[in-house]
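Welcome! Let's look at a protein together and ask how we can justify the words we use for it.

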Amino acid sequence: MILDIGFETMPREDLEAIILRRLKATIDRVYANVPFYRKRFEENHITPNDIQSLDDLKRIPFTTKEDLRDNYPFGMFAVPMENVVRIHASSGTTGKPTVVGYTARDINTWAELMARALAAGGATRGDIIHNAYGYGLFTGGLGIHYGAEKLGASVIPVSGGNTKRQVVIMTDFGPTILTATPSYALHLSEVAEEVGVSFEDLKFKFGIFGAEPWSEKMREEIERKLNLTAVDIYGLSEVMGPGVAIECHEGQKGLHIFEDHFIPEIIDPGTGEVLPYGETGELVFTTIAKEAFPVIRYRTRDITSLNPEPCICGRTHIRMNRVTGRTDDMLIIRGVNVFPSQIESVLMEMDEVEPYYQLIVDRKDNLDTLTVLLEVGERLFSDEVRHLQDRERKISKNIKDYLGVSAKVKLVEPKVIARSQGKAVRVIDNRKI
Ligand code: DLL
């Protein structure tokens with residue numbers, strides 16, 4: 001369902017006029033209210049007046065996570081603290097969290113966008129939403145929550161964890177939409193199976209999964225095991241939270257970016273050059289309707305590409321393809337650049353593997369080592385050890401052939417790899433410690 005026909009199906013020309021108007025207003029506000037941006041503009045001899053077309057955006061320098069860190073915690077806010085009604089933060093792997101703020105109007109805008117996103121993902125007023133994203137500083141839980149209420153659906157604020165209780169709630173309350181990280185959704189299905197509950201008997205129609213990278217193969221697995229249609233939702237705290245982009249359930253092919261609020265660009269992460277549609281690079285966002293925490297050309301470090309083709313759902317907003325990894329996830333193993341997602345696609349090509357894996361990187365005698373732990377079905381384990389070893393060698397050879405890196409593959413029994421209640425931990429890099 002399209003909740004906001006006006007914006008979502010608007011002819012590009014009209015949409016772009018609105019985007020430009022909002023962009024200019026945002027530039028004026030950050031220039032006036034955020035010393036960081038004013039300084040950046042001045043250093044580059046730009047004034048807000050220089051931004052007269054969408055193309056002029058390219059003249060403004062990028063904003064990075066380091067810039068946010070340098071202005072920790074509230075230095076990038078564009079309104080006085082008394083106008084900030086909510087604070088969220090995302091925990092990085094190192095150092096201090098990234099802190100973001102919202103005015104009352106921002107909270108309302110976010111709820112509206114999330115309502116539009118949930119509708120695109122298949123939800124309607126009549127639905128019961130089982131919201132297993134974590135509530136707290138993480139934007140997932142509360143972001144989905146307010147959107148669900150705005151849509152008029154019934155939301156169960158179950159949050160992450162206490163998985164057995166979640167299964168009881170899913171059985172008794174009859175939720176029709178599941179919102180969770182894809183890895184936690186799979187974990188829910190495992191626990192349900194353990195306690196003898198079948199998703200066939202539950203009422204779920206759609207699942208809205210995101211907050212971490214997942215693959216098409218994982219989508220198939222989730223749809224089969226949870227007996228629902230799975231769509232991908234994307235967002236990040238710095239830009240708003242969940243609801244920056246979502247797949248429509250009709251297409252399930254790329255995520256529509258809410259362009260009436262966010263301008264996307266794809267850049268070459270090395271040179272910063274803006275890349276044409278279809279090319280893969282780092283996603284950059286400019287927010288054009290936020291009050292407390294606007295960001296200009298923020299480098300997300302997420303790797304994807306943009307697709308301007310019209311979609312069967314009728315939305316005119318551009319689509320981003322699945323995020324395949326992050327520029328900072330890139331592992332350099334004995335000089336070879338590898339992304340966890342590339343290894344995942346090699347692993348998932350094999351039969352009888354479960355979508356649980358972990359990459360362990362270490363350094364022995366000054367040499368990097370990569371060990372891949374991969375869960376396989378019970379049946380393989382009852383097989384002869386020889387078969388298991390053959391399998392391990394074959395996967396190892398495939399990784400070497402496709403990615404040029406040597407890896408020791410270790411097949412492990414189901415449920416050996418720790419399950420997370422939020423974002424899955426795919427890489428353990430012991431070299432940094
Ligand atoms: O993860 C917001 C969110 C909550 C999105 C719930 C979707 C659902 P952060 O904690 O700030 O915000 O993490 C943002 O997570 O830059 C991506 O690297 C990753 N990410 C988010 N959604 C996806 C997705 C939330 N659908 C970071 N696919 C982003 C791949 C995703 N990666």
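Q: How do the residues lining the second largest pocket divide into nonpolar, polar and charged?
A: Good one to start with, and please keep in mind that this is a predicted model. The lining holds eleven nonpolar residues, six charged ones and no polar ones.

Q: Which residues lie nearest the centre of the second largest pocket?
A: They are Leu54, Ile263, Pro264, Glu265 and Tyr277, and the whole lining has 17 residues. By the class rule, Leu, Ile, Pro and Tyr count as nonpolar and Glu counts as charged. The pocket itself has a volume of about 390 Å³.

Q: Which element gives the largest share of the lining of the second largest pocket?
A: That is strand 10, with four residues.

Q: What makes the pair formed by serine 237 and the ligand a polar contact?
A: Let's set the value against the cut-off: a polar contact needs a pair of N or O atoms within 3.5 Å. An N or O atom in the side chain of serine 237 is 2.5 Å from an oxygen atom of the ligand. The pair therefore counts as a polar contact.

Q: How do you know that lysine 423 also makes a polar contact with the ligand?
A: Here an N or O atom of the lysine 423 side chain is 2.9 Å from an oxygen atom of the ligand. The limit is 3.5 Å, so this pair counts as well.

Q: What about proline 213, where a backbone N or O atom is involved?
A: That backbone atom lies 3.5 Å from a nitrogen atom of the ligand. The cut-off reads "within 3.5 Å", so the listed value sits at the limit.

Q: How much of the ligand does the protein bury?
A: Taken alone, the ligand exposes 620 Å², and the protein buries 93% of that.

Q: Which residues are closest to the ligand, and how many surround it?
A: There are 21 residues around the ligand, with Asp232, Ile233, Ser237, Asp302 and Lys423 the closest. By class, this shell has nine nonpolar, six polar and six charged residues. Strand 7 gives the largest share, five residues.

Q: Why is alanine 115 called buried or exposed?
A: Buried means under 20% relative accessible area. Alanine 115 has a relative accessibility of 1%, so it is called buried. You can find alanine 115 in helix 5, residues 104-120.

Q: How many Å apart in space are alanine 115 and threonine 163?
A: From C-alpha to C-alpha they are 26 Å apart, while in sequence 48 residues separate them.

Note on methods:
Residues are numbered from 1 along each chain as its sequence is written. This is a predicted model: local features need pLDDT of at least 70, side-chain atom pairs count only at pLDDT 80 or more; totals for chains, interfaces and linings use all residues. Side-chain values use heavy atoms; hydrogens and water are left out. A residue is near a molecule or strand if one of its heavy atoms lies within 4 Å of it. A polar contact is a pair of N or O atoms within 3.5 Å; within protein, one must be able to donate a hydrogen and the other to accept it, and residues adjacent in sequence count only if both atoms are side-chain atoms. Accessible areas come from the Shrake-Rupley method with a 1.4 Å probe; for residues, only the protein chains shown count as cover. Helices (H or I, at least four residues) and strands (E, at least two) are DSSP runs, numbered from the N terminus. On a 1 Å grid over the protein atoms alone, a cavity is a set of points where a 1.4 Å probe fits but cannot get out, and a pocket is an open set with protein on both sides within 12 Å along at least five of seven lines; lining residues have an atom within 4 Å of a point. Grid points are joined across faces, edges and corners, and a volume is the space filled by probe spheres set on the points. Buried means under 20% relative accessible area, exposed over 50%, partly exposed in between (1.4 Å probe, protein chains only).
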